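Colleague: I should like a close look at one part of this model, followed outward into the rest of the fold. Please treat the pairing and the burial together.

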Amino acid sequence: NDYVDRFQYFFKKRRYLMSLVGFGALMLLLVGLLVSNFLSSGNGVKITTTDTNTQEYISLDSIKKEIEAFKILDPTSKEKFTIYKNLENKINQLEKEGKLPLDIKQLKNMLQSEYQAWFNIESVEQLDDWTITFNSSDTLDIGKPKALFANNQLSIVGDQGVIIGATSNENRGITQKLGLESRIEGCTPNLQNNGLYCFDNGNKIYNLTKQNIQTASIGWAWSSGEFEKQIMQIGTFGSSNMYALVKNKSLNAAGTYILRYPLIPWTRESFKQPLEYGFANGFNPGAISSMSIDGSFLIWAPSDQSLYQMRRDGTSSQNRKVPLEGGQDLYMTTPVATWSKALPTTASQGVKVMTFASSNYVYLYEPTKHVLLTYKSVPNKTSDNNKNSYSLKYLFAMQLPKTEILDVAVSDSSKPQLSILTAQGIANIKLYDYIESYEATLLSNQKAATNQ
């Protein structure tokens, strides 16, 4: 006890001095860390790059300069995404090797917080504007909703029936229901613009209007043939032709993916024998997931994640891959850093293509990721001189909410709207507001670049 008392007395008499010594040691440690970090930031650290496996010196100052240069690049360019990935690589390597620990978090936060603005990505956190909300009788009549068509009116496709001509909860349209033995696989607006052509799981095609349901036929009803048995999608264009995207091994092996069924004059659902559309010079994309018809066929090939154009007049020499300038890398390329706020990046299989003859925009929707990419044709594809030679320049992306989305549809209008089909109903987004905003920004940037 005597020794303890002496020890306590010693420190009690000198506690002020000991406090100063402890505080001074702590300050020296902090200053040492700051100086060390400053020297590392200024002189750089030697890391091994992951892409070229070479060594280079990277400093905090150099990365900050790269970020500033990166920020002013055109967000629609492919180059910008490549530079972004390189920045991620460098920051990840610095973190992995324990370099610049006081600055890594700041750099990460900077890239994360600005990612969407740098790449023209709009996030929709929740759906607020509902055009139609479903009730129990809707799902009882049409089954599970699965597809949507949107122009002046809405047509909703279920696996058992359809709703035609809906505009709001007050005007819910007319319901047409198929028999229990049939399951609707897909639909398209009919050639009379008063309903839908739909094909079922029994290789039959129907014309469903507000008035009735008629079965379509090859030839006249009393001597009809059969439609292709492996239809993936149907579409119409003009007033006299229906088209079928088919998954038939023998046809596909020969490069044929689309069949044209001409409507027999003075009929509504009687068609002639089909004509085949094939790719030229033995080219074969391997598989096609969807098509859109704007005067030509725009078709998506998941095998190489590319968009192809096929002339509707059968001029096979004009078949081509449509150049996509920017955008697709945001969701088709796996990001290097798992902490990035990049769009989801699993393999793209079911991209839906949407465009119209009167529109200079092409929309790509990836349903598993809820991402809508908007592209503008350059030069305008509505011009006869450019309709088979344009490129598509990325304008912006829209990340839709994580809620279950069954389908989306863009209206054929000078003021395009995005309709979103869910199990709860149909929500609406004024897509033209975003298009006009980004078009104005793009024009402003072009003028500024011209004046430099």
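To which strand does a hairpin join strand 29, and through how many residues?

Modeller: The model is predicted, and what follows should be read in that light. The hairpin links strand 29 to strand 30 by way of two residues. Strand 29 covers residues 418-422 and strand 30 covers residues 425-429. The two run antiparallel and are joined by four bridges, and one residue pair shows the register: Asn428 of strand 30 stands opposite Ser419.

Strand 29 also has strand 28 (residues 405-410) as a partner, again antiparallel, with five bridges between them. Here Val410 is the residue opposite Leu418.

As for burial, five of the five residues of strand 29 are buried, and the strand is mostly covered. Leu418, Ile420 and Thr422 point one way, whereas Ser419 and Leu421 point the other way. In a regular strand, side chains alternate between the two faces of the sheet. In strand 29, the residues pointing in either direction are all buried.

Strand 27 (residues 391-399) offers a second case of burial. Eight of its nine residues are buried, so strand 27 is largely enclosed by the rest of the structure. Its pairing is of both kinds. With strand 26 (residues 371-378) strand 27 runs antiparallel, over eight bridges. With strand 3 (residues 121-123) the pairing is parallel, over three bridges, and with strand 23 (residues 324-325) it is parallel over two bridges. Ala397 of strand 27 stands opposite Leu373 and also opposite Ile121. Leu392 is the bridge partner of Leu324.

Leu392 leads on to the packing. The largest nonpolar core has 32 residues, and Leu392 is among those that touch the most other members, together with Ile63, Phe119, Leu307 and Leu364. At least two residues of this core come from each of helix 3, helix 4, helix 5, strand 20, strand 25, strand 26 and strand 27. Apart from this core lies another, of 23 residues, which includes Met354, Tyr363, Leu372 and Leu442. Setting aside residues up to four places away in sequence, Ile63 touches Ile58, Leu87, Lys90, Ile91, Leu94 and Leu107.

A further sheet may be set beside these pairings. It is open, has four strands in the order 5-6-7-8, and is paired antiparallel. Strand 5 (145-150) and strand 8 (174-177) stand at its edges with a single partner strand each, so one side of each has no neighbour in the sheet. Neighbouring strands in this sheet are turned by 15° against each other on average, direction ignored. Strand 5 meets strand 6 (residues 154-158) in the antiparallel sense over five bridges, with Leu148 opposite Ile156.

Finally, a serine in another strand illustrates burial at a polar residue. Ser270 belongs to strand 17 (residues 270-271). Its relative accessibility is 11%, and Ser270 therefore counts as buried, the cut-off being under 20%. The side chain of Ser270 makes a polar contact of 3.5 Å with that of Ser217. Neighbours within four places in sequence aside, Ser270 is in contact with Ser217, Gly219, Pro262, Leu263 and Ile264.

Note on methods:
Residues are numbered from 1 along each chain as its sequence is written. This is a predicted model: local features need pLDDT of at least 70, side-chain atom pairs count only at pLDDT 80 or more; totals for chains, interfaces and linings use all residues. Side-chain values use heavy atoms; hydrogens and water are left out. Buried means under 20% relative accessible area, exposed over 50%, partly exposed in between (1.4 Å probe, protein chains only). Two strands pair if DSSP finds at least two bridges between them. A nonpolar core is a set of buried Ala, Val, Leu, Ile, Met, Phe, Trp, Tyr and Cys residues joined through side-chain atoms within 4.5 Å. Contact means heavy atoms within 4.5 Å. Axes are lines fitted to C-alpha atoms, for helices over the stretch in contact, and angles run from 0 to 180 degrees between N-to-C directions. A polar contact is a pair of N or O atoms within 3.5 Å; within protein, one must be able to donate a hydrogen and the other to accept it, and residues adjacent in sequence count only if both atoms are side-chain atoms.
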